[in-house]
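This report goes through strand pairing, nonpolar cores and salt bridges in one protein chain. The sequence and the structure come first.

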Amino acid sequence: MKWTPVFYLLAALLLLPGLLACSTGETETAVSQTTAEPEPTIAPTQTATAAPTSTPDPTATATAAPTATQEPTMTPTPEPTFTELLAIEDAPDSLKNPYGIAVDSQDNLYVLDAGNDRLLKFSSDGMLLHTWDTRGSGPGAFDSLGFGGIAIDANDNLFVVDNGNHRIQKLDSGGNFVTEWGSEGLRNGQFKRAIGIAIDTAGNVYVSDDGRPEIQVFDNDGNFLRKFGSRGVEDGQFQHPTGIAVDDEGHVYVADYQLRRVQKFDSEGNFLLSWGMAVNPAGVPEGIGIDANGRIYITDYDRARVEIFTADGEFIMDWTGGESGRFSRPVAVAFDSEGNVWVSNQAGNSIWKFAPPPLP
């Protein structure tokens, strides 16, 4: 059979709808498969909560770190200052190794000018009032004042250590000779190298002697009463006793140059306690003074300062001089009725007067 073009045309027309239907079905299937896949989404927990940040803890940012200046204990406290009121250097000629000093009830100052072997009296403003400068062994004369001390009782009687003559001399308030006692030796009432002297409220006289390391006690007229101490390093013993002082309750304080300590005794000479210099343990205690409030002033002879303690040996403060300069081998301390402090400055050949600051 022979196919004609008309036949082919008719066959194409008959097959065309089916071909179109198949083509449409495949397209729909492809689309259907594509849209059926779910779109990718973020998990609900991830979208509901924000990611954590590095924001610091509120407590950490609210309080600043402490600094040294914020600490109350780091704030410096000004040191109390002793105000220099007066310096005595010429009397009318130069002082030479001034040692013992004492102040009477009228605030007159007495000075043992040891290098010149004389006793001087000054007014409270430093004016020279009287001089005792006769040398010898007679009443009112001095052979060698050396490192001797001086003390004044409640009646303004003056007691002077005349260690060159191995004796104590007593002068009245007018400077007139009253009595003397002592000689060279080791018996009661004798001296080898008397140095310090002090008076208690009853008028009894205490004398330290580094040639015979013990303390001798006399009544106001020089009669021997008792003694205490001996040579050694134990409590109540001495090697080189120098300065001595008695407080209003009768306690006796003795400085020991060699042992570098101060010992406290009761009125009968029984040992109570001891202590050394506070600022420098190698310091050398020399002279002792007691102010109206019972504070203990101790001169540090080698370290050029004065240290202040309570009656129980607790350190309060120290000072090293004034406007005239630093102390140079300070020896003795005395007080006037207004609480002003006199210090003998041995190597500096001067006497200084200070107004103290408020002290505990």
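## Strand S4 and its neighbours

In strand S4, both faces are covered: Arg-118, Leu-120 and Phe-122 are buried on one side, and Leu-119 and Lys-121 are buried on the other. The model is a predicted one. The strand as a whole is mostly covered, with five of its five residues buried.

S4 has a pairing partner in S3, and the two run antiparallel over five bridges. In this pairing Leu-109 stands opposite Phe-122 of S4. S3 and S4 make a hairpin with four residues between the strands, and Asp-117 in that turn has a positive phi of about 50°.

Strand S5 (residues 128-132) is also joined to S4, in the antiparallel sense, by four bridges. Phe-122 has Leu-128 as its bridge partner in S5. S4 and S5 form a hairpin as well, here with five residues between them, and Gly-126 in the turn has a positive phi of about 90°.

Ser-123 belongs to the loop between S4 and S5. What is the relative accessible area of Ser-123? The value is 12%, so Ser-123 counts as buried, the cut-off for buried being under 20%. The side chain of Ser-123 makes a polar contact of 2.2 Å with the side chain of Asp-125. Neighbours within four places in sequence aside, Ser-123 touches Asp-107, Asn-108 and Leu-129.

Arg-118, one of the buried residues of S4, is linked with Asp-93 and Asp-113 in a network of salt bridges.

## Nonpolar cores

In soluble globular proteins, nonpolar side chains tend to be buried together. In this model the largest nonpolar core has 31 residues, and those touching the most other members are Ile-101, Leu-109, Leu-119, Ile-150, Leu-158, Val-160 and Ile-351. Two or more residues each come from strand S2 (98-103), strand S3 (109-113), strand S4 (118-122), strand S6 (150-152), strand S7 (158-162) and strand S24 (330-335). A separate core of 15 residues lies apart from this one and includes Tyr-297, Val-306, Phe-335 and Phe-354.

Which residues does Ile-150 touch, not counting those up to four places away in sequence? They are Gly-100, Ile-101, Ala-102, Tyr-110, Leu-112, Leu-119, Leu-158, Phe-159, Val-160 and Ile-197.

## A four-stranded open sheet

Four strands make up an open sheet, ordered S1-S26-S25-S24, with antiparallel pairing. Strand S1 (83-88) and S24 are the edge strands, each paired on one side only. From one strand to the next, the twist averages 25°.

Five bridges hold S1 and strand S26 (residues 350-355) in antiparallel pairing. Ile-88 stands opposite Ile-351 of S26, and Ile-351 is among the residues with the most contacts to other members of the largest core.

## Salt bridges

The structure holds 14 salt bridges. The table gives three of them, with the N to O distance.

| Acidic residue | Basic residue | Distance (N to O) |
|---|---|---|
| Glu-180 | Arg-167 | 2.7 Å |
| Asp-221 | Lys-170 | 3.5 Å |
| Asp-312 | Lys-264 | 3.8 Å |

Glu-180 and Arg-167 meet in a salt bridge. Glu-180 is in strand S9 (residues 177-181) and Arg-167 is in strand S8 (residues 167-171), so the pair ties together parts 13 residues apart in sequence. Glu-180 is partly exposed at 35% relative accessibility, while Arg-167 is buried at 4%.

Asp-221 and Lys-170 also meet in a salt bridge. Here the pair links distant parts of the chain, 51 residues apart: Asp-221 is in the loop between strand S12 (214-218) and strand S13 (224-228), and Lys-170 is in strand S8. Asp-221 is partly exposed, with a relative accessible area of 49%, and Lys-170 is buried, at 6%.

Lys-264 and Asp-312 form a further salt bridge. It connects distant parts of the chain, 48 residues apart, with Lys-264 in strand S16 (residues 261-265) and Asp-312 in the loop between strand S20 (305-309) and strand S21 (315-319). Is Lys-264 buried or exposed? At 5% relative accessibility, Lys-264 counts as buried, whereas Asp-312 counts as exposed at 53%.

Technical notes: Residues are numbered from 1 along each chain as its sequence is written. This is a predicted model: local features need pLDDT of at least 70, side-chain atom pairs count only at pLDDT 80 or more; totals for chains, interfaces and linings use all residues. Side-chain values use heavy atoms; hydrogens and water are left out. A nonpolar core is a set of buried Ala, Val, Leu, Ile, Met, Phe, Trp, Tyr and Cys residues joined through side-chain atoms within 4.5 Å. Buried means under 20% relative accessible area, exposed over 50%, partly exposed in between (1.4 Å probe, protein chains only). Contact means heavy atoms within 4.5 Å. Two strands pair if DSSP finds at least two bridges between them. Axes are lines fitted to C-alpha atoms, for helices over the stretch in contact, and angles run from 0 to 180 degrees between N-to-C directions. A salt bridge is a side-chain nitrogen of Lys or Arg within 4 Å of a carboxyl oxygen of Asp or Glu. A polar contact is a pair of N or O atoms within 3.5 Å; within protein, one must be able to donate a hydrogen and the other to accept it, and residues adjacent in sequence count only if both atoms are side-chain atoms.
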